[in-house]
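Subject: A structure to look through

Dear colleague,

I am handing over the structure below, and I would be glad if you kept it open beside this message while you read. My notes on what was found follow directly after it.

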Amino acid sequence: MNILVCIKQVPESNKVEVDPVTGLIKRDGAASKMNPYDLYALETAFRIQEKMGGVVDVISMGPPQAQEVIREAFAMGADHGILVSDRSFGGADVLATSYTLSQGIKSSGNYDLILCGKQTIDGDTAQVGAEIAEWLQIPSVNNVLEIKEVHDDSITISMDLPQEVEVAKISLPCLLSVDQDIFMPRLPSYVKKKATKDREIKVLSLKDMEDTDASHYGLNGSPTQVQRIFPPTSSKEKEMWDGSSAVLADQLFHKIEELKFV
């Protein structure tokens, strides 16, 4: 079975800097790590590989430094790594990000199963996985809690819904976004890290995509754009409001109006 896991490099600290001009997080040179939810997706892939055989590949989108998390995945047992990296991909919202990753996946081969973490800790949208599946025109399931059965042509899972846990059987190929604690992630192996230190990472840029129209990627391909990002104020700077619910709602409305023009 050919399995692909989508992984992302995220800031290691909650003390991140924001570019005052672009309104984007400054990622270059910042301490980073693999998105924690992606570790669960990786472990899920390895467990299925142990049962069904095949390969586990990883794909990430980001600047060249994102190769670090691909190397970490190698040390855990991943077979191949793909980095989707190009300046024209920068500043993408969730729609452009999912489109870029889907293009990278199409350029990388055919996969029976694509796995993602439920969400990322820097964006928390939990939308990219499902949108990748839509671009690839394959079924997807979010909030997967358990892998119950795996066959050559289908996979049976349980998923967390607002009012209940539901069991579903999905035909392959498909995409699953897994929840935390589906499996306990294994630690990277020092032996594997040494053995894979020179393993090639395939880098895909705009010219490698099926769609080479730059207007479909990055900021140009993003229908939504962040107007303003700012660090949260410290507890010493917080405003404390008193009054009835109507008074508090009125104060909140005026505060939002003020922030629009800051």
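In which helix do Tyr37 and Tyr40 both lie, and how many residues apart are they? Both belong to helix H1, which covers residues 36-52, and they are 3 residues apart, or about one turn of the helix. Please keep in mind throughout that this is a predicted model.

**Aromatic pairs**

Searching the whole structure turns up 4 aromatic pairs. In one of them, the ring centres of Tyr37 and Tyr40 are 6.3 Å apart with the planes at 70°, and because an angle over 60 degrees counts as edge-to-face, that is how this pair is classed. Tyr37 counts as buried at 13% relative accessibility, and Tyr40 is buried too, with a relative accessible area of 15%.

Tyr99 and Trp135 make another edge-to-face pair, with 4.7 Å from centre to centre and 65° between the planes. Here the two partners come from distant parts of the chain, since Tyr99 sits in helix H3 (residues 94-108) and Trp135 in helix H4 (residues 128-136), 36 residues apart. Is Trp135 buried or partly exposed? At 34% relative accessibility Trp135 counts as partly exposed, whereas Tyr99, with a relative accessible area of 14%, is buried. These two residues also belong to a cluster in which ring pairs link Phe89, Tyr99, Trp135 and Tyr217.

A ring can also have a charged side chain over it: Arg199 lies over the face of Phe74, at 4.9 Å from the ring centre.

**Helix H3**

As Tyr99 has already led us to H3, it may help to follow that helix from one end to the other. At its N-terminal end, Asp93 acts as a cap, with a side-chain oxygen 3.1 Å from the backbone nitrogen of Leu95. The helix has 15 residues and spans 21 Å from its first C-alpha to its last, which is close to the 21 Å expected at 1.5 Å a residue. Its buried residues include Ala96, Tyr99, Leu101 and Ile105. Which elements cover the buried residues of H3? Among them are strand S1 (2-6), strand S4 (55-61), strand S6 (113-117) and helix H4, the helix that holds Trp135. Just after H3, Gly109 takes a positive phi of about 135°.

With best wishes

Technical notes:
Residues are numbered from 1 along each chain as its sequence is written. This is a predicted model: local features need pLDDT of at least 70, side-chain atom pairs count only at pLDDT 80 or more; totals for chains, interfaces and linings use all residues. Side-chain values use heavy atoms; hydrogens and water are left out. Rings of Phe, Tyr and Trp (its six-membered ring) pair if their centres lie within 6.5 Å; planes under 30 degrees apart count as stacked, over 60 as edge-to-face and the rest as tilted. Helices (H or I, at least four residues) and strands (E, at least two) are DSSP runs, numbered from the N terminus. Buried means under 20% relative accessible area, exposed over 50%, partly exposed in between (1.4 Å probe, protein chains only). A charge sits over a ring if NZ of Lys or CZ of Arg is within 6 Å of the ring centre and within 35 degrees of the ring normal. The expected span of a helix is 1.5 Å times one less than its number of residues. Contact means heavy atoms within 4.5 Å. A polar contact is a pair of N or O atoms within 3.5 Å; within protein, one must be able to donate a hydrogen and the other to accept it, and residues adjacent in sequence count only if both atoms are side-chain atoms.
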